[in-house]
Amino acid sequence: MADVKKIAVIAGDGIGPEVIAEAEKVLKKTEEVFGYRFETEHGLFGGIAIDQKGTPLPQDTLDMCKNSDAVLLGAVGGPKWDNNPKELRPETGLLGIRKALGLFSNIRPAVIFDCLKDASTLKPEVLEGTDLIVVRELTGGIYFGEKFRREGANGEEAVDTCVYNVQEVERIVRQAFEIAQTRSKRLASVDKANVLETSRLWRETVNRIAPDYPDVELEHVLVDNCAMQLLRRPSSFDVIVTENMFGDILSDEAAMLTGSIGMLSSASLGEGAFGLYEPVHGSAPDIAGQGIANPIATVLSVALMFRLTFGYHDAAEAIERAVKEVLDAGHRTGDIAVDKSKAIGTTAMGDLIVNAIRK
Ligand SMILES: NC(=O)c1ccc[n+]([C@@H]2O[C@H](COP(=O)([O-])OP(=O)(O)OC[C@H]3O[C@@H](n4cnc5c(N)ncnc54)[C@H](O)[C@@H]3O)[C@@H](O)[C@H]2O)c1
Ligand SMILES: CC(C)[C@H](C(=O)O)[C@@H](O)C(=O)O
Ligand SMILES: [Mg+2]
């Protein structure tokens, strides 16, 4: 019998609990079909944790995550907490958990399902063959540098500092080279080396270690150009590696190649097999509570968990096949439906996927 894997589930706010419910159904179905065994434990996180415990990342939630084999996260945030001080913001909890768990590498695949080409705002022929991964540095850069306000000569000023050291750059870039080696062997390193000192250190580091990966074709792309090329020639990208904030922005842009941000899954990894899995999208306050959110990003995050943390490749493939089968059959949530009047809800989409999971 398979050993029991402990999964910490933190649903969060807005559509977080709605999409997590569908992912949990997928976990259950995988147990039935493949005989794997999961023990799930739930914890408060984000805005709901601020309301109930006075902090976005309660210590017991963090301990629960540390004592698990993997974490499944929904999304956090919402207008209710937008004017709170920094320590009482849901997003501070998200940055805190990534840092506390040492998750420096955020893997965000953007794969085009053929049948969804018409759901994208781009022309289908531009999207043809697009299958890329954004590897985003997740625990450094401007997100984590010192931030403060001060009185300047012209009144109040705000300061955000961006810091990267060589070791932080090297570990994420090496991981990206290794991922590229398992794929089409093309790596685009994205920076702003024409302006930023952190980017010049980034590029120097990439160039220093590139000879260790002679089979990988490397290109350096400035971030503004990359934002443009992603729309112009998306299929020419394979693996994109970049710093924290550029990766945040470029991965939302890459989402629209797939038709919707509701399709983009992610894995956050550190040195070992442990990982945190979450959709790239947020808590979507504009549609929360309506039962219309697309659960596919979260369901595909479960597939990533199976592949990258547990090595359950058969179950990962079964989930991905099930999603494809359901989409090929024409089922769509509102965000990816061309004819919105035929869109189905979150639960209906989850049920269809669950029913399509088989060996
Ligand atoms: N990882 C996270 O928890 C995370 C990520 C991004 C944003 N946020 C937070 O979420 C809140 C809202 O942020 P935002 O509006 O900028 O980004 P968002 O990703 O929540 O929503 C952007 C747009 O995409 C739509 N959308 C997102 N996910 C969808 C899904 N699964 N199905 C259908 N449509 C979907 C939303 O309805 C909205 O119109 C903010 O508080 C932000 O800080 C959290
Ligand atoms: C909510 C926010 C802090 C977060 C980030 O910027 O990393 C989100 O946008 C993401 O992409 O996971
Ligand atoms: Mg983001």
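## Two ligands, two domains, one shared core

Around ligand 1 there are 22 residues, and those that come nearest are Gly-77, Gly-262, His-281, Gly-282 and Asn-294. This shell is made up of eleven nonpolar, seven polar and four charged residues. The model is a predicted one.

Ligand 2 has its own surroundings: Gly-77, Glu-91, Leu-94, Asp-248, Val-280 and Gly-282. Sorted by class, that shell holds two nonpolar, two polar and two charged residues.

**The annotated site**

Which residues does UniProt list under "binding site"? The unreviewed entry gives Asp-224, Asp-248 and Asp-252. They are spread over 29 residues of sequence, yet they cluster in space, with a largest C-alpha distance of 14.5 Å.

Helix α9 covers residues 244-258 and contains Asp-248. Asp-252 is found in helix α9 as well. Are these residues buried or partly exposed? Asp-248 counts as partly exposed because it has 18 C-beta neighbours inside 10 Å. Asp-252 is also partly exposed, with 16 other C-beta atoms within 10 Å. Leaving out residues up to four places away in sequence, Asp-252 touches Ile-261 and Val-280. Val-280 is also one of the residues around ligand 2.

**Domains and their contact**

The same unreviewed UniProt entry type lists residues 6-353 as "domain: Isopropylmalate dehydrogenase-like". Over residues 6-353, the chain is 41% helix and 20% strand. The end C-alpha atoms of this stretch are 23 Å apart.

The chain is also divided into domain 1 (1-112 + 259-359) and domain 2 (121-258). Their C-alpha centres lie 24 Å apart. How many residues of each domain are in contact with the other? Domain 1 gives 20 residues, which are in contact with 23 residues of domain 2.

On the side of domain 1 that touches domain 2, α4 (90-100) and β4 (105-111) each supply at least two residues. The largest share of that side, seven residues, comes from β4. By class, the residues on that side are twelve nonpolar, five polar and three charged.

**The nonpolar core**

The largest nonpolar core has 100 residues. Leu-72, Ile-240, Tyr-277, Val-302 and Ile-319 have the most contacts inside it. Helix α10 (residues 296-310) supplies the largest share of this core, ten residues. Why does the core lie between the two domains? Domain 1 (1-112 + 259-359) and domain 2 (121-258) both give residues to it, so it lies between them.

Take Leu-72 as an example. Not counting residues up to four places away in sequence, Leu-72 touches Ile-7, Val-9, Ile-20, Ala-23, Tyr-277, Val-302 and Met-305.

**Two residues with positive phi**

Lys-185 and Ala-284 come next. Lys-185 has a positive phi although it is not a glycine. Ala-284 likewise has a positive value in a residue other than glycine. The table sets out their angles and places.

| Residue | Phi | Place |
|---|---|---|
| Lys-185 | about 60° | loop between α6 (166-181) and β8 (186-191) |
| Ala-284 | near 40° | loop between β12 (275-279) and α10 |

Is Ala-284 buried or exposed? Ala-284 is buried, because 24 other C-beta atoms lie within 10 Å. Lys-185 is partly exposed, with 15 other C-beta atoms within 10 Å.

Note on methods. Residues numbered from 1 in each chain as written. Chains lettered and ligands numbered in written order. Predicted model: local features only at pLDDT ≥ 70, side-chain atom pairs only at ≥ 80, totals over all residues. Near = placed C-beta within 6 Å. Nonpolar A, V, L, I, M, F, W, Y, C, P; charged D, E, K, R; others polar. UniProt positions renumbered as here; feature names shortened; annotations may be inferred. Helix = DSSP H or I, 4+ residues; strand = E, 2+ residues; numbered from the N terminus. Buried ≥ 20, exposed ≤ 12 C-beta atoms within 10 Å, placed from the backbone. Contact = placed C-beta atoms within 7 Å. Core = buried A, V, L, I, M, F, W, Y, C linked by C-beta atoms within 7 Å. Domains from an automatic or database assignment.
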